[in-house]
Amino acid sequence: ERAAGVYHRESRSGKYRLTYTEAKAVCEYEGGHLATYQQLEAARKIGFHVCAAGWMAKGRVGYPIVKAGANCGFGRTGIVDYGIRLNRSERWDAYCYNPHGKECGGVFTDSKHIFKSPGYPNEYENDQICYWHIRVKYGQRIHLQFLEFDVEDDIACTADFLEIYDSYDDINGFVGRFCGDELPDDIISTGNVMTLKFLTDASVTAGGFQIRYTTMDVPSKPSDGRNATSQGKTNYLSGKFGVI
């Protein structure tokens, strides 16, 4: 995800796998460098929220929290700061800074937007990890509609995939994992936040995707299950609204 030139990176093999040297190399390979504490805080102030600790410049480790929660950030907002680490072999994620980098994720608060896979309409690249965070007004829901979808197909969706979470991070509210070239059903959030995570492996790419989101008012009676609409099937998720 990206805000004010700052974005989060994790190893393709999972979270918390990068030493300080490896984290620096990841950012520099993409034309940037490890973000400073000040750059991460500037991004946080405009909505950058990630529930994962990562390396910053000068060997510092921390993560930005916009929405306080019991499961992330110890119930407070701000930069959760682990300080400068004496052991640079510790393994964390990375926070990179590159204001001119290729768009790959972001933080969105508009009432509507169309997400595109990196490089669309060209094929996306290998070794991508992108997050899109959506945060709209309290009392609204988010309606996701898949316009185009072509992601490397495999039975278990373990190579390239798009994951959707009914929350402001990829820790809670897992909705589903998608790959292949069949358009997924529309999805409507339970509240005013959603997260999309796109991850690709080191081989085989495909055409990518376009996904549109719009806001909608809360229905008078919450609906569960799948409901036919004029635009196809819609997956209404049941639950409570979050505040951010």
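How many bridges join strand β10 (residues 129–135) to β15? Keep that in mind while you set up your viewer.

**Before you start**

What you have open is a predicted model, where local features need pLDDT of at least 70, side-chain atom pairs count only at pLDDT 80 or more, and totals for chains, interfaces and linings use all residues. Residues are numbered from 1 along each chain as its sequence is written, and side-chain values use heavy atoms, with hydrogens and water left out.

**Stop 1: the whole protein**

Show everything as a cartoon. You'll find 2 helices and 18 strands. Both kinds of element are DSSP runs numbered from the N terminus: helices are H or I with at least four residues, strands are E with at least two. Of the 244 residues, 52% are buried. Here, buried means under 20% relative accessible area, exposed means over 50%, and partly exposed is in between, using a 1.4 Å probe and protein chains only.

Switch on a surface: the protein exposes about 11,400 Å², and carbon and sulfur atoms supply 48% of that. Those areas come from the Shrake-Rupley method with a 1.4 Å probe; for residues, only the protein chains shown count as cover. Now think about contacts, meaning heavy atoms within 4.5 Å. Among contacts with a separation of 6 or more, 74% are between residues 24 or more positions apart.

**Stop 2: strand β15 and its sheet**

Select residues 193–199, which form strand β15. Are they buried or exposed? Buried: that goes for 7 of its 7 residues. Turn the strand around and you'll see that both faces are covered, with V193, T195, K197 and L199 on one side and M194, L196 and F198 on the other.

Next, add β10. Here's the answer to the opening question: 7 bridges join β10 to β15, and the two run antiparallel. Two strands count as paired if DSSP finds at least two bridges between them. In general, strands of a sheet pair through backbone hydrogen bonds, either parallel or antiparallel. To see one match-up, pick I129, whose bridge partner in β15 is L199.

Then add β12 (residues 161–165), which pairs with β15 in the antiparallel sense over 5 bridges. Click on F161 and you'll find that it stands opposite L199 in β15. E163 has K197 as its bridge partner in β15.

Zoom out to take in the open sheet: 5 strands in the order β8-β10-β15-β12-β13, with mixed pairing. Its edge strands are β8 (105–108) and β13 (174–178), each pairing on one side only. The twist averages 10° from one strand to the next. For that angle, axes are lines fitted to C-alpha atoms (for helices, over the stretch in contact), and angles run from 0 to 180 degrees between N-to-C directions.

**Stop 3: S189**

Where is S189? Look in the loop between β14 (186–188) and β15. S189 has 0% relative accessibility, so it counts as buried. Show its side chain: a polar atom there lies 2.9 Å from the backbone nitrogen of I142. The S189 side chain also reaches the backbone oxygen of G191 at 2.6 Å.

**Stop 4: D127**

Jump to the loop between β9 (112–116) and β10 to find D127. With 47% relative accessibility, D127 counts as partly exposed. Leaving out residues up to four places away in sequence, D127 touches R12, T200, D201 and A202. Try the distance tool on D127 and D160: they are 33 residues apart along the chain, and their C-alpha atoms are separated by 9.1 Å.

**Stop 5: helix α2**

Select residues 37–45, helix α2, and highlight the buried L40, E41, A43 and R44. They sit on the same side of α2 because they cover an arc of only 160° around the axis. That arc is taken from the directions from the helix axis to the C-beta atoms. On the other side of α2, Q38 and K45 are exposed. Just after α2, G47 takes a positive phi of about 110°.

**Stop 6: backbone oddities**

Most residues other than glycine have a negative phi, and most peptide bonds are trans. Y16 isn't a glycine, yet its phi is positive, at about 60°. Look for Y16 in the loop between β2 (6–9) and α1 (20–29). K58 isn't a glycine either, and has a positive phi of about 65°. K58 lies in the loop between β4 (54–55) and β5 (60–65), and with 67% relative accessibility K58 counts as exposed.

Last, select Y120 and P121: a cis peptide bond joins them, with omega about 15°.

Methods
A polar contact is a pair of N or O atoms within 3.5 Å; within protein, one must be able to donate a hydrogen and the other to accept it, and residues adjacent in sequence count only if both atoms are side-chain atoms.
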